[in-house]
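Subject: Structure for you to look at

Hi,

Here is the structure I promised to pass on. Please open it alongside this message, and my notes follow just below.

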Amino acid sequence: MTKADAAHRYAIYFAPRPESPWWQAGSQWLGRCALTQQALAQATVPGMHADVFYRLTASPRRYGWHATLKAPFVLAEGVDRKQLSDAVRRLAHSLSPFDLPILRVSQLDDFLALVPATASPAIDAVARACVTDLHDLAAPLSPAELQRRRAAGLTPAQEALLSRWGYPFVLDAFRLHLSLTGSMDGVEPAQVQTIHDAARQWFGPLPPCRFDSLALFGEPAPGADFVLLEHAEFGA
């Protein structure tokens with residue numbers, strides 16, 4: 001997929017700049033760079049076979065190293081990639097850069113992720129703006145996609161968010177996270193702890209992570225790996 005090609009779906013993510021240690025460390029953890037679309041030598045988890053770790057990171061590897069701000073969507077009828085890019089850049093220009101709070105390894109539902117150790121109104125404001133300001137550029141979810149989302153079991157509040165915004169984990173239900181694994185359901189607790197400890201050692205020495213851009217990702221075709229298309233820099 002070239003940067004000029006239209007994609008099946010797009011997404012707005014937080015992704016560290018490709019030249020940053022956070023991008024390099026996260027991409028190597030997953031074993032893939034979403035910018036170059038190349039496989040990387042994956043991080044080593046002491047005490048775990050490489051094939052097992054590769055399998056447990058398969059889901060986040062497809063999406064690339066990121067935190068979701070606006071979940072993957074199909075463009076609305078009459079909207080093209082340029083219009084989307086222009087809108088993302090306008091939104092980014094209205095925002096101010098900041099450092100993320102310290103990121104810690106945490107278990108969310110059945111997977112491991114990096115999450116901010118403290119609340120951040122700045123993060124929440126950016127995520128809210130991505131959902132509300134860009135909503136009209138996205139097509140409504142198909143009945144099949146709605147059914148897939150609902151199959152996970154949603155609360156009434158999440159159902160309302162899904163119906164209004166096309167995703168159940170936005171606004172007050174949003175929590176920034178960078179996924180480290182896919183589902184760990186059925187994995188022995190000792191193995192979960194092994195990955196948890198390895199992630200702490202892998203990411204712990206990194207400097208503060210800067211949030212200074214919106215990342216536009218694309219899914220070239222249904223089920224394909226997501227590609228980092230561009231970063232829209234914050235303006236202030």
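Let me start with a charged residue: Glu230 is buried, with a relative accessible area of 14%, in what is a predicted model. The cut-off for buried is under 20%, so Glu230 falls within it.

**The salt bridges around Glu230**

What does Glu230 pair with at 3.1 Å? One partner is Arg81, with 3.1 Å between the closest N and O atoms of the salt bridge. That pair links distant parts of the chain, since Glu230 sits in strand β11 and Arg81 in helix α4 (residues 81-93), 149 residues apart. Arg81 is itself buried, at a relative accessible area of 13%.

Arg89 also forms a salt bridge with Glu230, again with the closest N and O atoms 3.1 Å apart. Here too distant parts of the chain are linked: Arg89 belongs to helix α4 and Glu230 to strand β11, with their positions 141 residues apart. Arg89 counts as partly exposed, at 42% relative accessibility. Taken together, Arg81, Lys82, Asp86, Arg89 and Glu230 are linked in a network of salt bridges.

A search of the whole structure finds 14 salt bridges. Another one to look at joins the side chains of Arg128 and Asp172, at 3.4 Å from N to O. Arg128 is in helix α5 (residues 121-133) and Asp172 is in the loop between α7 (156-165) and β8 (178-179), so this pair ties together parts that are 44 residues apart in sequence. Arg128 is partly exposed at 39% relative accessibility, while Asp172 is exposed, with a relative accessible area of 75%.

**The chain as a whole**

Stepping back, the chain has eight helices and 11 strands. Its radius of gyration is 17 Å, close to the 18 Å that the globule rule gives for 236 residues, so the chain is as compact as a globular protein of that length. The C-alpha trace spans about 50 × 40 × 35 Å along its principal axes. Of the 236 residues, 50% count as buried. Among contacts between residues at least 6 apart in sequence, 73% join residues at least 24 apart. The accessible surface comes to about 11,500 Å², and 53% of that belongs to carbon and sulfur atoms.

**Strands β1, β4, β10 and β11**

I would look at these strands next. Strand β1 (residues 9-14) pairs with β4 in the antiparallel sense over four bridges, and Ile12 stands opposite Lys70 in β4. Strand β1 is also joined to β10 by five bridges, running antiparallel, with Tyr13 opposite Ala215 in β10. Strand β10 is in turn joined to β11 (residues 227-233) by six bridges, also antiparallel, and Ser213 stands opposite Glu233 in β11.

How many of the seven residues of strand β4 (residues 67-73) are buried? The count is seven of the seven, so β4 is largely enclosed by the rest of the structure. Ala67 is found in this strand and is buried, with a relative accessible area of 0%. The C-alpha atoms of Ala67 and Phe14 are separated by 5.0 Å, although the two are 53 residues apart along the chain. Beyond residues up to four places away in sequence, Ala67 touches Tyr13, Phe14, Leu176, His177 and Leu178.

Thr68 is in β4 as well. Its side chain makes a polar contact with the side chain of His66, at 3.2 Å. Leaving out residues up to four places away in sequence, Thr68 touches Ile12, Tyr13, Phe174 and His177.

Strand β10 (residues 213-219) has seven of its seven residues buried, so it too is largely enclosed by the rest of the structure. In a regular strand the side chains alternate between the two faces of the sheet. In β10, Ser213, Ala215, Phe217 and Glu219 point one way and Leu214, Leu216 and Gly218 the other way, and all are buried.

**Helix α1 and two loops**

Helix α1 (residues 21-30) is mostly covered, with seven of its 10 residues buried. Among them are Trp22, Trp23 and Trp29. Gly31 follows α1 and has a positive phi, near 90°.

Two residues other than glycine also deserve a glance. Gln37, in the loop between β2 (32-33) and β3 (38-39), has a positive phi near 65° and counts as partly exposed at 37% relative accessibility. Asp109, in the loop between β6 (103-108) and β7 (111-116), has a positive phi near 55° and counts as exposed at 74%.

Happy browsing, and best wishes!

Terms used: Residues numbered from 1 in each chain as written. Predicted model: local features only at pLDDT ≥ 70, side-chain atom pairs only at ≥ 80, totals over all residues. Heavy atoms only, no water. Buried < 20%, exposed > 50% of the residue type's maximum accessible area, 1.4 Å probe, protein only. Pairing = 2+ DSSP bridges. Polar contact = N/O pair within 3.5 Å; in protein donor to acceptor, adjacent residues only side chain to side chain. Contact = heavy atoms within 4.5 Å. Rg over C-alpha atoms; globule rule 2.2 N^0.38 Å. Areas by Shrake-Rupley, 256 points an atom, 1.4 Å probe, with all protein chains shown as cover. Salt bridge = Lys/Arg side-chain N within 4 Å of Asp/Glu carboxyl O.
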